[in-house]
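Biologist: Please take one part of this model, the empty space in and around the protein, and go through it closely for me. I would also like to hear about the surface that faces the partner strand.

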Amino acid sequence: MMRNRIAPLLESALLKAHAAQELTTSPLPPITIGHPANPEHGDFSCNIAMQLAKGERKAPRQVAEIIIKYLGSGDGLFAKSEIAGPGFINLFVSQAAWQGTLLEIEKQGDRYGRTTSGAMKKVQVEFVSANPTGPLHIGHGRGAAIGDTLCRVLDAAGWDVTREFYYNDAGVQISNLALSVQLRCLGIEPDDPRWPEGGYQGEYIRDVARAYLNRETVEATDQHTTACGDPENIDDIRHFAVAWLRREQDLDLEAFDVRFDVYTLESALYSEGRVDAVVQKLIANGHAYEQDNALWLRSTDFGDDKDRVMRKADGSYTYFVPDVAYHQAKWERGFTRVINEQGSDHHSTVTRVRAGLQALDIGIPQEWPEYVLHQMVTVMRGGEEVKISKRAGSYVTLRDLIDEVGRDATRFFFLMRKPDAQLVFDIDLAKQQTNENPVYYVQYAHARICSIFDNAAEKGFMAPEQPAPDDLTCLSTPEDLQMIKLLAALPDTVDDCAVHFEPHRLTYYLSELASCFHSFYNKNRVISEELKLTEARLYLLKRTAQTLKSALSILGISAPERM
RNA sequence: GCGCUUGUAGCUCAGCUGGAUAGAGCAACGGACUACGAAUCCGUAGGUCGGACGUUCGAAUCGUCUCAGGCGCACCA
């Protein structure tokens, strides 16, 4: 919140210096505001003087002097501004201004932490997008946690977010699925010599087969499918199996508190003629050619390292063709910003899909859509790695994980690492309700504050509502001020998460905030003989609980009042 | 072999897009509850930021090379 107030002040100082012809650089470089590690260097610092020095043919410190002259006290925001080191401008925000931010936090209520950076522009985020060939596993869990939190973060940063799930319900894998269910219906098991190599071996296939033979009905939000029960009817089996597994995945996601606005089915892209239309357009644009009985896209014209088959010798399309059709549809739906969250094992699709979209020549930017690729997850249990094999059906499902370690801990653990780092999910650690578990550390801070309020109420103390600024001047110990500064940083942190697509920054923010509180609490008495100080501290803690809860809710994690 | 990605304390990881003396948690060691929750706090110790060269006022951060791990490299998805 401070950062957004300081940047315009610096900018106007630069413009004034420019108007007075004391500075000549044009255009001005973007202003970056840093947080010095050393408190002696102020609350914020700016390196603009060093950046300008060369062009201005002046010493950096001399440039800084000019800027500070026009910056003045920043409408009373700064208690002090000084030039340090090679030419940093160090800014010290006044205590009164810091204390005043608490009033602003109270005013914003549940919305504190939200910003307007996105200006309500449309953005679409596609995530999970698992094949409906099995329940969601731990890898999908990471995608769900990152994608969902990215949506929450973008929403908090003022974007108009659409959450989307794409079902690959056509193609070879689905045929494999149908065949596997059919064989189970006929009593053929994976250890039978007739079992095909690519068949799905998981136990859930047996469940699907049983449900199919019992002519069960699958009910879900947008579907209503009843099995005919005939083991020879492969089309009906496919239809039923996909519906059954989609429902399973929906339940998995519900248990994780992840919801979507739009579900798009690959099969619909075919039935609506979008896939054919894309191929025709690519041929018409001269980017396709026939060879070896197949139709190829000359994707090498668009940065790919080799050309790609679009239509196979058997007449069917490769998977990326409907993917291009799908993204064309996203573009036509008016999403100038689209983010795809996927496992990094799919990173080769990025160039291919973008190449296809470029070849359509309909004005789509080269870097569209954007991608967030998360690295693989390994699971540790009892000090050993749990091996995952989807085909063999041995893997940790998302549902098992949530049942075992709880939703809050599962989400937090998935979000602790930046997406492009590999993640080791230690089930034993996540289950521990001890100090080793960061989730409890943060939640404990919230619960602890709530219990202080109970205690205060018993003794007749209440946090004041909308206190006068003077009532807060007693919040002046280093711990008081450090707390306030951290509370004020939430909106900036939300913006950073949204800009960089890195939800993990919020988990670090929360750990830091919790740590700051615990430390404050051990050093300072909240309820004391001094009425004014007691009320001011209760007010500070009220804002702290509010901020913790707000930040946790952006991560989709609860803020318990007792634990 | 090529592409993407990662390499920071004994372990697991941050490091705010080039800033000032590189930070946390765990593990180790030593301390703190006869008043607000000890699921907590305070302190000590621990680092040639994988390695080499380069770019500049300044590099963990950018570039080139190199080593190591992961993931991809289908007319599978």
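Modeller: Happy to! Let me start with how I sort residues: Ala, Val, Leu, Ile, Met, Phe, Trp, Tyr, Cys and Pro count as nonpolar, Asp, Glu, Lys and Arg as charged, and the others, Gly among them, as polar. This is a predicted model, where local features need pLDDT of at least 70 and side-chain atom pairs count only at pLDDT 80 or more, while totals for chains, interfaces and linings use all residues; side-chain values use heavy atoms, with hydrogens and water left out. Residues are numbered from 1 along each chain as its sequence is written, and chains are lettered from A and ligands numbered from 1 in the order in which they are written.

Now the empty space. On a 1 Å grid over the protein atoms alone, a cavity is a set of points where a 1.4 Å probe fits but cannot get out, whereas a pocket is an open set with protein on both sides within 12 Å along at least five of seven lines; a lining residue has an atom within 4 Å of a point. Points are joined across faces, edges and corners, and a volume is the space filled by probe spheres set on them.

The closed space is quickly told. There is one cavity of 30 Å³ or more, and the largest cavity holds about 30 Å³. Its lining consists of I146, F414, L415, R417, K418, P419, P503 and H504, which by class means five nonpolar, one polar and two charged residues.

The largest pocket is another matter, with a volume of about 1200 Å³. It has 42 lining residues, and S129, A130, N131, N168 and H346 lie nearest its centre. By class, this lining comprises 15 nonpolar, 19 polar and eight charged residues. Helices (H or I, at least four residues) and strands (E, at least two) are DSSP runs numbered from the N terminus; α5 (138-156), α6, α9 (266-271), α11 (320-332), β13 (338-343) and β14 (370-374) each supply at least two residues of the lining. Where does this pocket sit among the domains, whose bounds come from an automatic or database domain assignment? Domain 3 (122-168 + 262-285 + 319-374) and domain 4 (172-255) both give residues to the lining, so the largest pocket lies between them.

The second largest pocket contains about 750 Å³ of space. Of its 28 lining residues, H35, D43, Q482, K485 and L486 are the closest to its centre. Helices α4 (95-108), α17 (478-487), α18 and α19 each supply at least two lining residues, and α17 gives the most, with five. Here the classes are 14 nonpolar, eight polar and six charged. At least three residues come from each of domain 1 (3-93) and domain 2 (99-117 + 435-554).

N131, one of the residues nearest the centre of the largest pocket, also brings us to the RNA. A polar side-chain atom of N131 lies 2.9 Å from a sugar or linking oxygen of RNA strand B, a polar contact (a pair of N or O atoms within 3.5 Å; within protein, one must be able to donate a hydrogen and the other to accept it, and residues adjacent in sequence count only if both atoms are side-chain atoms). Base nitrogens take part as well: one is 3.0 Å from a polar backbone atom of D292, and a base nitrogen is 3.0 Å from a polar backbone atom of V526. The elements giving two or more residues to the surface near RNA strand B are α2 (48-56), β4 (88-93), α6 (172-185), α16 (438-458), α18 (490-500) and α19 (504-523). α16 gives the most, with eight residues.

A residue is near the strand if one of its heavy atoms lies within 4 Å of it. By that rule 61 residues surround RNA strand B, and K312, Y441, Y444, R448 and Y508 come nearest. The surface near the strand divides into 20 nonpolar, 26 polar and 15 charged residues. On the RNA side, 58% of the strand's atoms within 4 Å of the protein belong to sugar or phosphate, and the rest to bases.

Terms used:
Domain bounds come from an automatic or database domain assignment.
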